[in-house]
Amino acid sequence: MIEEAIEAFRTSFPLGFVAVFPVILLVVSPITMVDAAHEFSVYRMQQYDLQGNSHGCRSALVNAEARTLQSTSMARKCVLLKANELTHARYLEVLDRGPSAIVVLISGNMSKEEVQRFMDLEVEMLRIESNLPIYFTYEDEELKRIYDQVTHSTSSDSGSAFQTIMSSATSVGYLFVTNKGQSKAQPDQALVNIEGILPGLGMEEQLPTIAIVAHYDAFGIAPYLSHGANSDASGVVTLLELARVLGKIYGNSRTHPRHNILFLLSGGGKFNYQGSKKWIEDASDNAGSSEAVSSALLNNAKLVLCLDSLGGNGVHALKMHVSKPPSETTVAGQIHRNIQSVAKSVDSSLDTSVVHKKIRLSSDLLAWEHERYSIRRLHAVTLSALSNSDDPMRRSIMDTKKTVDVDALTNNVQIIAESVLRYLYNVTEETDVNLASGDYAIHKDHIEAWLSYLAEQPRPAQALSDDHHIVTALEAALQKHVKNTRRIKFKADKRDPDFVFYDGLVQTMSASIVRSAVFDLYVTGFVAAYMAIVYLIVLKFNGVVLVASKLSSLPKVKVH
Amino acid sequence: MTFVHFVNCMALAYAPYVVTYKSSILSEYSALMKVLFAGMVYMLTQLAKMLTLATFFPTLEPTSSGAINIVGEVLKTTVDMADLVGIYFIINRTVGKPELKVLIAGVGWAGAQVLFSNFLSFWFGARGLEFDWKYIQMALDANITLVHIIATAALVWTWTRNDLNRTLLPMVTVMLVFSVFRTIIADIIVQLFSLNPWSYLLLKAIMTFVTAALSLQLYVGFTDM
C-alpha cells in the first residue's frame, strides 16, 4: 500500500522538483516575520567609550529562549531577572552560568531597601565589562505572566526519562528577539552646550565675572531610563531660576550690578563633564582674539559656581564642594559666608559645611563638575545637597521625580540666590533683609514645573542632540532672561575621541511562543498517521458506499 | 516556528487532495486538466463574487464589541450562491461517469479554494517565529473543506437530475442552501456559545459529515454501486 502511495507520488511529480522545491523556498523566503505573542520596549545598558576605555555592555543582539533564576540551566539562554530580587551576588552567579542575554524587569513598586540595593548594583554592573547584551524593561502584566510560565516550565526537577521526553514535547517556551542589529559606534554624535551672559554695568572686560554651571543630561544603568531628577534636573532648575531673578535685576538700570554673570547648561556632564571641558577650551582659544566672545570672560572668572543634586529626598544640606579650601577673601569664601549667614536666618539646622576633596587625577572620572575648572586653575566650587560625590543616586535610573523634595530644593535655591545677590551688592554684615524677595522672589511653582518637565522624560546625553526638544526648550527659557544665548554643538575628536556613544539603546523586543524540535517530530508522526488513515478511507470508499446503500432509508430517490 | 512545521501543515492540508486524486477514478481517467479547469472556474467565480460584493454591498464596519453583524453577514453570504452556479457549470461541462463529474468538481474547486486561501497563511505564518495551533487547525479545516465541496457537488449533481423524485427536491434544495450557509451558521453558533477554535473545527466537521452522509445516501440511490 505504501509502495503504491510512493509510486503515485513518483508518477505524478517530477521527483527532482520535489528535492529542489524546499531549497527554492528557503532561498526566496523573506526575513522571518515576527508576529509575536508580546512585544515590549527594552532599554539597553550603557555602552560608551570614555578616554579610550570601553564601558558597559558590548552587544545588542538577543535571540534566545527565556529562562529565569529558578531554571535548571541557563547556558546560552536569555535570563529574565526581577530587579527587586537581584543582588550583586546573584548577578555574578548568573553571569557565571553562561547566559547569552539578560533582561531585568523593573517593577513599579520597589521598597526603599530594594531601590537602594538596585542603585548599588547599578554601580557594580557598570564596573564589570560584559559582552552580554543586558536589557532593562518595566514589568507589565504580560511579562509577569511570561515570567511565571517560564519559571514553571523550566524549573521542574527532571523525573524519569519518559517524563523528560514528554515535557520536552509539550513544553511551551518563549523566544526573545530584538528588532535591531548589533550596536554601532556613533562617532558623529554631537553634544550641545547652552550658554548665555548677563553683562554688568560698565566695560565688560574690566568687570569681575561669575559663571554658573549645571549639566542637563542624566545617567543611569540604562540611558533611556535615566530621568536624573536630582542629578541634575535640580541643578538646571536652580540655574534657570537664578537666571530669571538675575535677569530682572540686570534689566533695571538702577539695580544693574557691576559683575558679569555667565550661564552654562553643559552637555555630556555625566561623561566626565565634556561640556565644561569644551567650554573651557573654547574660552582659552578665544582669549587672545579681540572680538568680545562672552565665553572668553571665563578666563578671568572670579568664581565658577557649579550646581548639582540640590534636592535629594531626606537630605537636609547645602554643601560647598571644593578642591582647595577657599580663603576668606576669595569670592568662594564670601559666598560661603553668605550662605552660612542666610541659612542661619532661614533654617538653622541646614548643614552648610565645606567639603574639601582633592582632585584624583588617576581616577577615570572627575568627582564634581567644578574639578574641570579647578584643573585649569579657575576658582570653582560645586553646591550640592549631597555630601559625597560617589552617591549612587547621581548615576541611577532610580533618580526620578519622587526622589526630589521640592520644598528642600526651593529652600536651597532661595539660599543660593540670596547669597549671590548679597555678594553682588557687597552686603557683608549679618542682616535679616531679604534681597531675593518681592519682585525678585524665588517661585516654587516655576521650580516644580521645570522639574516635572525635565524629570518626566529620559535625558541621556546620547539622545540630547541639537534639535531635541529639551535642548530647544532650555535655550528658549534661558533666552528669555539672559543675553547672547546660544547653542554650541561639539563632537568628539575624530582621531582620538574623548567619548564615543553607541546606538541600539532602545529596542522592541518580542517574546514569541515556541515549541521544541521534538514537538515538530511528534506533529510529523501525527500527520503521517492521519494521512495513512485518509488513504485507507479513500481506498476503501466502495465499502463506505456499500454501508450507505444498505442503510439507505431513501429507497425512492429515482423516478423510474 | 520552523520550516518543518510549515511542511507539516502543508502535508496535513494537501495530502488528502493528492490521495483522493491518486486513488480515485480521477487518475484512471487522467482528469488532471479537468481538475485544473475546475480550479479556473473557481477563480472566475470568486472574481465575479468579489465584484458583486464590492459593487452592491456596503463595507460592514466591525462593531466595537467584536460581535459579527449577523444580518449583514447573511446577506453577504447569499452571494456565495454563485459557488453553486460555478459547480453546476463544471458538472455540466464535464462528460463522463457521475462520480467523475462530482470528483472533478469537488477536488478542483476545493483544491483551488484551499490553495488560494491557505497557502500564503502557511507561508508567512507557519514559518514565523511564533508557534500557533491556528495553522494546524487551518490544515484540518482544509480537509473538511474537501469533504464539504465533494458533498455539495454531489448534491448539485442530484439536483440537476430530471429523474429525481419530486418529493425529495425540497430536501435537496434545503441541503444546498445549508451547505452555502454552513460557515456563517458555524460562526453564529461560535459567537453564541463562545466556543474555542477546536470546538469550532469539531462543529464544522460534524456539520460537514452530516451533510456528506445525507448526500451520499441520495447519490447512492441514483447509482447502482
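**Exercise 1.** Does A:K278 count as buried, partly exposed or exposed, going by its relative accessibility? Then place its salt bridge in the predicted model.

*Solution.*
Step 1. The relative accessibility of A:K278 is 24%. Buried requires under 20% and exposed over 50%, so A:K278 counts as partly exposed.
Step 2. The salt-bridge partner of A:K278 is A:D282, with 3.4 Å between the closest N and O atoms.
Step 3. A:D282 has a relative accessible area of 18% and is therefore buried.
Step 4. Both residues sit in helix α8 (residues 274–286) of chain A, and because they are four residues apart, about one helical turn separates them.

**Exercise 2.** Describe the salt bridges that B:K49 and B:K204 form.

*Solution.*
Step 1. B:K49 pairs with B:D80, the closest N and O atoms lying 3.0 Å apart.
Step 2. This pair links distant parts of the chain, 31 residues apart: B:K49 belongs to helix α3 (residues 32–56) of chain B, and B:D80 to the loop between α4 (70–78) and α5 (81–93) of chain B.
Step 3. B:K49 is buried at 8% relative accessibility, whereas B:D80, at 23%, is partly exposed.
Step 4. B:K204 forms its salt bridge with B:D141, at 3.5 Å between the closest N and O atoms.
Step 5. Since B:K204 lies in helix α9 of chain B and B:D141 in helix α7 of chain B, the pair ties together parts 63 residues apart in sequence. Both B:K204 and B:D141 are buried.

**Exercise 3.** Which elements and residues line the second largest pocket, and what is their character?

*Solution.*
Step 1. The volume of the second largest pocket is about 1200 Å³.
Step 2. Its lining has 36 residues, and those nearest the centre are A:I537, A:V538, A:F541, B:V147 and B:I150.
Step 3. At least two lining residues each come from α14 (517–539) and α15 (541–551) of chain A, and from α1 (3–23), α6 (98–126), α7 (134–160) and α9 (197–222) of chain B. The largest share, eight residues, belongs to α7(B).
Step 4. By type, the lining has 28 nonpolar residues, seven polar and one charged.

**Exercise 4.** Which residues make up the nonpolar surface patch that includes A:M166?

*Solution.*
Step 1. The patch consists of A:F162, A:I165, A:M166, A:L521 and A:Y522, with about 530 Å² of accessible area together.
Step 2. Two or more of these residues come from each of α6 (161–170) and α14 of chain A, and α6(A) gives the most, three residues.
Step 3. A:M166 is in helix α6 of chain A and, at 33% relative accessibility, counts as partly exposed.

How values were computed. Residues numbered from 1 in each chain as written. Chains lettered and ligands numbered in written order. Predicted model: local features only at pLDDT ≥ 70, side-chain atom pairs only at ≥ 80, totals over all residues. Heavy atoms only, no water. 1 Å grid on protein atoms, 1.4 Å probe; cavity = no way out; pocket = protein on both sides within 12 Å on 5 of 7 lines; lining within 4 Å. Points joined across faces, edges and corners; volume = space filled by probe spheres on them. Nonpolar A, V, L, I, M, F, W, Y, C, P; charged D, E, K, R; others polar. Patch = residues over 30% accessible without salt bridge, like charges linked within 9 Å, V, L, I, M, F, W, Y side chains within 5 Å. Areas by Shrake-Rupley, 256 points an atom, 1.4 Å probe, with all protein chains shown as cover. Salt bridge = Lys/Arg side-chain N within 4 Å of Asp/Glu carboxyl O. Buried < 20%, exposed > 50% of the residue type's maximum accessible area, 1.4 Å probe, protein only.
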